[in-house]
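Me: Please take a close look at the interior of this molecule. A single connected account that moves from the inside to the surrounding parts would be most useful.

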Amino acid sequence: MTGARYSNNAAAALLVATVLSVSPAAASGDIICDATDGSGASISIGVGHLPVLSVLSANATDGSTTWSTNPSGDEKPIVFGQGVADDRQVLVDFTDPNIEGIVVSLRLFQASGSKDYAEAGVLSFEDVSAFPVQCING
């Protein structure tokens, strides 16, 4: 049983290393969201150009603590866990490096008119709070 656990951890570590080794320069756009309540909460997600949601990097803060897929200094590490995007919504979850729990979640909903486009949603942090956010996607 112990061998299987190490094998699973090694596979997870390899997956994380592969995801983190992708160059941020390959990003074709960013999703940038800021809290509308003055808390200072925000998230910036670098995405690649693929038929599916391809998260290349992310930085998120609840206004006091910062999480990052490429942490430095006091930033806490996160990894892309799961996500989906279509013409109405973007749903993204980031986990701790051991993939034991969801740490940061973004639930973004989109609406468009003939020439106008709007995105808003909720940014939440495990054990902290949820924040209303307004976003740009470009």
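Reply: In this account Ala, Val, Leu, Ile, Met, Phe, Trp, Tyr, Cys and Pro count as nonpolar, Asp, Glu, Lys and Arg as charged, and the others, Gly among them, as polar. The model is predicted: local features need pLDDT of at least 70 and side-chain atom pairs 80 or more, whereas totals for chains, interfaces and linings use all residues. Numbering starts from 1 along each chain as its sequence is written, and side-chain values use heavy atoms, without hydrogens or water.

The protein comprises one helix and ten strands (DSSP runs numbered from the N terminus, helices being H or I of at least four residues and strands E of at least two). The helix comes at the start of the order, which reads α-β-β-β-β-β-β-β-β-β-β from the N terminus. Of the 138 residues, 34% count as buried (under 20% relative accessible area, against over 50% for exposed and partly exposed in between, with a 1.4 Å probe and protein chains only). Of the contacts (heavy atoms within 4.5 Å) between residues at least 6 apart in sequence, 31% join residues at least 24 apart.

The largest nonpolar core contains 25 residues (buried Ala, Val, Leu, Ile, Met, Phe, Trp, Tyr and Cys joined through side-chain atoms within 4.5 Å). Within this core, the residues with the most contacts are Ile-31, Ile-43, Ile-45, Phe-94, Val-104, Leu-106 and Leu-123. Two or more core residues come from each of β1 (29–35), β2 (42–47), β3 (55–61), β7 (89–95), β8 (102–112), β9 (117–125) and β10 (129–137). Among these elements, β8 gives the most, namely four residues. Leu-106 shows how these parts of the chain meet: leaving out residues up to four places away in sequence, this side of the interior brings Leu-106 against Ile-31, Cys-33, Ile-43, Ile-45, Val-90, Leu-91, Val-92, Val-122, Leu-123 and Val-133.

Ile-31 and Cys-33, both touched by Leu-106, belong to the covered face of β1, together with Gly-29 and Ala-35. The uncovered face of β1 holds Asp-30, Ile-32 and Asp-34. In a regular strand the side chains alternate between the two faces of the sheet. β1 runs antiparallel to β2, with six bridges, and antiparallel to β10, with five (strands pair if DSSP finds at least two bridges between them). Toward β2, Gly-29 has Val-47 as its bridge partner; toward β10, Asp-34 is bridged to Gln-134. The hairpin of β1 and β2 has six residues between the strands, and Gly-38 adopts a positive phi near 80° there.

Ser-42 belongs to β2. Ser-42 is buried, because its relative accessible area is 18%. Apart from neighbours within four places in sequence, Ser-42 contacts Cys-33, Asp-34, Asn-59, Ala-60, Thr-61 and Leu-123. One of these, Thr-61, is also the bridge partner of Ser-42 in β3. The pairing of β2 with β3 is antiparallel and extends over six bridges. Six of the seven residues of β3 are buried, so β3 is largely enclosed by the rest of the structure. On to β4 (residues 66–68), β3 is joined antiparallel by three bridges, and Asn-59 has Ser-68 as its partner in β4. Four residues separate the strands in this hairpin of β3 and β4, where Gly-63 has a positive phi near 105°.

The largest pocket is lined by 15 residues, with Val-47, Gly-48, Leu-50, Val-52 and Leu-53 nearest its centre (a pocket is an open set of points on a 1 Å grid over the protein atoms alone, where a 1.4 Å probe fits, with protein on both sides within 12 Å along at least five of seven lines; lining residues have an atom within 4 Å of a point). Eight of the lining residues are nonpolar, six are polar and one is charged.

Some loop residues complete the picture. Asp-86 lies between β6 (79–85) and β7 and is partly exposed, because its relative accessibility is 34%. Its C-alpha is 9.7 Å from that of Phe-109, although 23 residues separate Asp-86 and Phe-109 in sequence. Ile-99, in the loop between β7 and β8, has a positive phi near 55° and is partly exposed at 42%. Asp-127, in the loop between β9 and β10, likewise has a positive phi, near 65°, but is exposed at 76% relative accessibility. Most residues other than glycine have a negative phi.
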